[in-house]
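Q: Please guide me through the reading of several features of this structure, giving the general idea before each case.

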Amino acid sequence: MSVITEVKQRLDIVELVSEHVTLQKAGRNFKGLCPFHSEKHASFFVFPAQQSWHCFGACATGGDIFSFIMKKEGIDFGQALRLLAKRGGVALGSLEAPSKAEDQRKERLFQLNEAAAEYYHHLLSSARAAEAARSYLARRKITLETTKEFRLGFCPDAWETLKSYLLGKGYPEKELVEAGLLIEKEEGGSYDRFRNRLLFPICDIQGRVTGFGARVLDDSLPKYINSPQTPIFDKSTSLYGVDRAKSAIRNKNSAIIVEGYMDVLTAHQHDWRNVVGSMGTSLTEKQVEGIRRLTSNVTLALDADLAGEEATLRGKAILAYSNVEANVILLPPGKDPDEVIREDPPLWLKLVEQAMPIMGFAFQSVIGKVDINRAKDKALAVQRLLPSIHEIKDPVQQSHYVKKLAGELRIEESAIRVALRELTAGQKRLQRSRAPQRSQLVCQLVSSRLEEHCLALLLQYPELRPLARELSSEHFECTENREVFVHWQRSSEGSNLGSQLDSSLIEHLHYLVGKDFPPAIRESERTRHFDLADCILRLQERLSRKLETEKEAALEIEREKGGICSELSKLEEQGIDSGQQLQDIFVKRGRKPWMQ
Ligand SMILES: [Zn+2]
């Protein structure tokens, strides 16, 4: 038995999911509010018999324990396997080795950063040279408690302060460079990266120091510098203060995102504990992803002077994850959150309470700048706002904004719909040329011969690749097959698939690559072609049937309750849809549904 199968046998999906979602019994199954999108009526189902889950709401996707944890924790398959194996008490044997070495390397970098943070903090509190830094904090009204809580630090104006301290502690120079604390000189040797600056240790959600932000104490430039990218630090995924803010964000089910370190410090000091910093001017999608694991309600505090243009861009990044409710706080001109919170707490409270939806805000800032009596300006406004409207996945909301845009610009709604359809068509063409990565489905404990046959064909005969465009990861129910397929789909022809796969899957890959075919397939390209096409149809048929069954089970429960709520009609709509898909497949396979 493979470790993957073993993990699945040891763990129960209901137990696992219920740690993250409040589940209610619904017939033989369970349901609850989807953890991946925000909703008022439960459309997230767990099916114990199949050990699978499915969201019939906005996500319209499902999977097994692995895909649930991958999605919930934002981790890859290998990490999910290791996490769940540990939980199920399944020994991974040699599979543990490679990740262990990598983990150990990272662990050392965390230790190093920890030692550096401690030392810098010590210098800030006691060194004479840190006087300027201390008085800067005093001027900004940062208390000693906050300084301690966030472990602020100071580095003196010298080239080898941290270096000699950490070398003295026995850390190798090579690792100090790797952690980004030292800069290597071209002619050899190294020196401290941070000099004469106030330091902000940046932590991951678990509170481990991943890197540093550093501010000058005078007017010199650049005002801020950061640690470089290292194996444990990536600025685009980091959120300053997330370790201190995470429980408040979960409890309040909302997060406020500000730009600067000082904004975060002041907010926390004034008991606004759900505030995190984006550490720069534009919020990245990865940062949004990080927040989404804690809440789907995000409020951005924007600088009034820069907000207009940027908000639409940021709005797009946020809306790309359409299930985040994004609001905007518009600050008074020339003010940072730091100043508003400090100088006028009631005003800050009011701003937070009156935060407006980001789309409404984007509308206001774009339409406010154009002359709606001019055709050219109208076109410009549509061009600006359409991409954001396009990102909205909820059709009702999307329609709302189409109407709103048409109304405000006094043009026909149909004109906007045409433009929207063109945008969609253009993106679909793009998506088709890229490899779409969709989510996963149930894995049956019996490994599927159909899936393996199909995968082996694709792996052994590269000329068949174009046919596989009709397949998505959802067509593979078996976890191993699904992971191999996803990586094969992303890889380019001739690249080394083995090097991209998690080590737990290598054996399965070798099995597929070595799988033997009957002579008819080996000898004729035409036969292979037909054989694969048939395989694909059968996989599609199986998926449609499975979705039908799951929807039927979900509908059953709604009927029992006797409620014709909106969920029901939504489910029925989708049901009809997949029924139609099934019809299409029967037509393609040249038989009638009633003849099967
Ligand atoms: Zn969902």
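A: Proline 387 is a suitable start: this residue is found in helix α17 (residues 375–391), where helices (H or I, at least four residues) and strands (E, at least two) are DSSP runs numbered from the N terminus. The model is predicted, so local features need pLDDT of at least 70 and side-chain atom pairs count only at pLDDT 80 or more, whereas totals for chains, interfaces and linings use all residues. Residues are numbered from 1 along each chain as its sequence is written, and side-chain values use heavy atoms, with hydrogens and water left out.

Q: Is proline 387 buried, exposed or partly exposed, and what are the limits?
A: Buried means under 20% relative accessible area, exposed over 50%, and partly exposed in between, with a 1.4 Å probe and protein chains only. Proline 387 has a relative accessible area of 25% and is therefore partly exposed. Its C-alpha atom is separated by 7.9 Å from that of leucine 423, 36 residues apart along the chain.

Q: How does serine 544 in helix α25 (residues 525–561) read on that scale, buried or exposed?
A: Serine 544 counts as buried because its relative accessibility is 3%. From C-alpha to C-alpha, serine 544 and histidine 475 are 9.4 Å apart in space, and 69 residues apart in sequence.

Q: How many residues of helix α16 (residues 358–367) are buried?
A: Nine of the ten residues in α16 are buried, and the helix is mostly covered. Among them are Met359, Phe361, Phe363 and Ile367.

Q: Which atoms bind the zinc ion, and what is the geometry of the site?
A: Donors are N, O and S atoms within 2.8 Å of the metal (3.2 Å for Na, K and Ca); water is not among the atoms, so sites may look incomplete. For the zinc ion, the protein donors are Cys34 (SG), His37 (ND1), Cys55 (SG) and Cys59 (SG), at 2.0 to 2.3 Å. Four donors count as tetrahedral if all angles lie between 85 and 135 degrees. Here the angles among the four donor atoms are 103 to 115°, and the site is tetrahedral. Along the chain the donors follow the spacing C-x2-H-x17-C-x3-C. Both cysteine 34 and histidine 37 are buried.

Q: What is the strand order of the open sheet of five strands?
A: Two strands pair if DSSP finds at least two bridges between them. The order is β1-β2-β3-β4-β5, with antiparallel pairing. β1 (24–26) and β5 (61–63) stand at the edges with a single partner strand each, so one side of each has no neighbour in the sheet. Three bridges link β1 to strand β2 (residues 29–32) in the antiparallel sense, and asparagine 29 in β2 is the bridge partner of alanine 26.

Q: Which strands pair with strand β12 (residues 255–258)?
A: β12 pairs in the parallel sense over three bridges with strand β14 (residues 297–302). Three bridges also join β12 to strand β13 (residues 275–277), again running parallel. Isoleucine 256 has threonine 299 in β14 as its bridge partner and stands opposite valine 275 in β13. Both faces of β12 are covered: Ala255 and Ile257 are buried on one side, Ile256 and Val258 on the other.

Q: How is the packing of two helices described?
A: The angle between the axes and the distance between them describe two packed helices. Helix α1 (residues 3–10) and helix α4 (residues 77–88) pack at about 50°, with axes 9 Å apart; axes are lines fitted to C-alpha atoms over the stretch in contact, and angles run from 0 to 180 degrees between N-to-C directions. α1 is thus oblique to α4, since angles under 35 degrees count as roughly parallel, over 145 as roughly antiparallel, 65 to 115 as roughly perpendicular and the rest as oblique.

Terms used
Four donors count as tetrahedral if all angles lie between 85 and 135 degrees; four count as square planar and six as octahedral if opposite donors are over 155 degrees apart and all others between 65 and 115; anything else is irregular.
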